[in-house]
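This report walks through one protein chain, from its sheets to its core and its backbone exceptions. Please keep the sequence and the 3D view at hand while reading.

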Amino acid sequence: MGFNYRTHAMETNTPVPSSPVLFSKYNNALNSHNGVIRLPVHVASKFDYEAELVAVMGRTALRVSEAEALSCVFGYCIGNDFSARDLQFKSSQFLLGKTCDGFAPIGPYLVTADQVPDPHNLAIECYVNSERRQSGNTRDMVFNVPAIISYASQHFTLKPGDILFTGTPEGVIFGMPPEKQVWLKTGDRVTSVIEKLGTLTFTLA
């Protein structure tokens, strides 16, 4: 999901979307807690973090209503929609900047849905080298989890194990004034924290 927090849309001077903005991250992007992202510096230089709530499907969903959508979720985890902004905006498609190898760290736990009765009231933060960069709450989503699942399932089948990144709050580097944009680099350590779900950390090489 792109631009799914009002504050994030505002900081990037992007209109708040009237329908969910969907894009792909392929399985080559999957990465783990304490993993390493090897920056593709031969093609990009503007690397950015995006702490996000991730919903993991537990049942097949095709043309489901919002009322039944949460029953299709197996559980939740932390994700970071790591991005190369110069690739992301090289064309009208976000794909290149979103799905380089290792650009989707998730974990460290998959918390079952019954342990997270309200996924729309969770504190979410991101730190770079112990400096807090993002601080928000999932209640600020433009489209909540059932709305995202229902919308996506009207267009294609969601299957067990499918992973949905649900958007990021304000505080990304891309949203800063140009003179304050210091992009991530080799050696940086990025930590994402979501209430009830734990702490996800990875390093850049």
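Ala51 has Asn80 of S5 as its bridge partner. This is a predicted model, and the pairing belongs to two antiparallel strands, S4 and S5, joined by seven bridges.

**The sheet around S4 and S5**

Which strands make up this sheet? There are five, in the order S1-S7-S5-S4-S10. The sheet is open, and its pairing is mixed. S1 and S10 each have a single partner strand, so one side of each lacks a neighbour in the sheet. Strands of a sheet pair through backbone hydrogen bonds, either parallel or antiparallel.

Phe74 sits in strand S5. Is Phe74 buried, partly exposed or exposed? Its relative accessible area is 45%, so Phe74 counts as partly exposed. Setting aside neighbours within four places in sequence, Phe74 contacts Val56, Met57 and Gly58, and also Leu110, Val111, Thr112 and Ala113. Leu110 is 36 residues from Phe74 in sequence, yet their C-alpha atoms lie 8.8 Å apart.

Strand S7 also holds Pro108. The peptide bond from Gly107 to Pro108 is cis, with omega near -5°.

**The second sheet**

Another open sheet has five strands, in the order S2-S12-S11-S8-S9. Its pairing is mixed. S2 (35–37) and S9 (131–137) are the edge strands, each pairing on one side only. From one strand to the next, the twist averages 20°.

How do S2 and S12 pair? They run parallel, with three bridges between them. Val36 has Thr203 in S12 as its bridge partner.

**The nonpolar core**

The largest nonpolar core contains 50 residues. Phe82, Ile149 and Leu184 have the most contacts inside it. Which elements give two or more residues to this core? The strands are S4 (51–57), S5 (73–80), S7 (104–112), S8 (123–128), S10 (163–165), S11 (189–194) and S12 (198–204), and helix H5 (145–153) joins them. S4 supplies the largest share, six residues. In soluble globular proteins, nonpolar side chains tend to be buried together.

A second, separate core has five residues. Val142, Phe143, Ala147 and Ile148 are among them.

Leu184 touches residues from widely spread parts of the numbering. Beyond four places away in sequence, its contacts are Phe47, Asp48, Tyr49, Phe82, Val128, Ile173, Val190 and Leu204. Phe82 appears here too, and Phe82 is itself one of the residues with the most contacts in the largest core.

**Helix H5**

H5 is mostly covered, with eight of its nine residues buried. Which residues are they? The buried set is Val145, Pro146, Ala147, Ile148, Ile149, Ser150, Ala152 and Ser153. Ile149 is among the residues with the most contacts in the largest core, while Ala147 and Ile148 belong to the second core. The cover over the buried residues of H5 includes S4, S5, S10 and helix H2 (66–69). At the start of H5, a side-chain oxygen of Asn144 comes to within 3.0 Å of the backbone nitrogen of Ala147.

Helix H2 contains Ala67. Is Ala67 buried or exposed? The cut-off for exposed is over 50% relative accessible area. Ala67 has 80% relative accessibility, so Ala67 counts as exposed. Its C-alpha atom is 24 Å from that of Phe23, a residue 44 places away along the chain.

**Positive phi in loops**

Most residues other than glycine have a negative phi, and most peptide bonds are trans. Asn34 has a positive phi without being a glycine, and so does Lys196. The table sets out both, with their places and accessibilities.

| Residue | Phi | Loop | Relative accessibility |
|---|---|---|---|
| Asn34 | about 65° | between S1 (30–31) and S2 | 52%, exposed |
| Lys196 | near 75° | between S11 and S12 | 55%, exposed |

Asn34 counts as exposed because its relative accessibility is 52%, where the cut-off is over 50%. Lys196 is exposed too, at 55%. The loop of Asn34 leads between S1 and S2. S1 is an edge of the S1-S7-S5-S4-S10 sheet, and S2 is an edge of the other sheet. The loop of Lys196 lies between S11 and S12, which both belong to the sheet ordered S2-S12-S11-S8-S9.

Methods. Residues are numbered from 1 along each chain as its sequence is written. This is a predicted model: local features need pLDDT of at least 70, side-chain atom pairs count only at pLDDT 80 or more; totals for chains, interfaces and linings use all residues. Side-chain values use heavy atoms; hydrogens and water are left out. A nonpolar core is a set of buried Ala, Val, Leu, Ile, Met, Phe, Trp, Tyr and Cys residues joined through side-chain atoms within 4.5 Å. Buried means under 20% relative accessible area, exposed over 50%, partly exposed in between (1.4 Å probe, protein chains only). Helices (H or I, at least four residues) and strands (E, at least two) are DSSP runs, numbered from the N terminus. Contact means heavy atoms within 4.5 Å. Two strands pair if DSSP finds at least two bridges between them. Axes are lines fitted to C-alpha atoms, for helices over the stretch in contact, and angles run from 0 to 180 degrees between N-to-C directions. A polar contact is a pair of N or O atoms within 3.5 Å; within protein, one must be able to donate a hydrogen and the other to accept it, and residues adjacent in sequence count only if both atoms are side-chain atoms.
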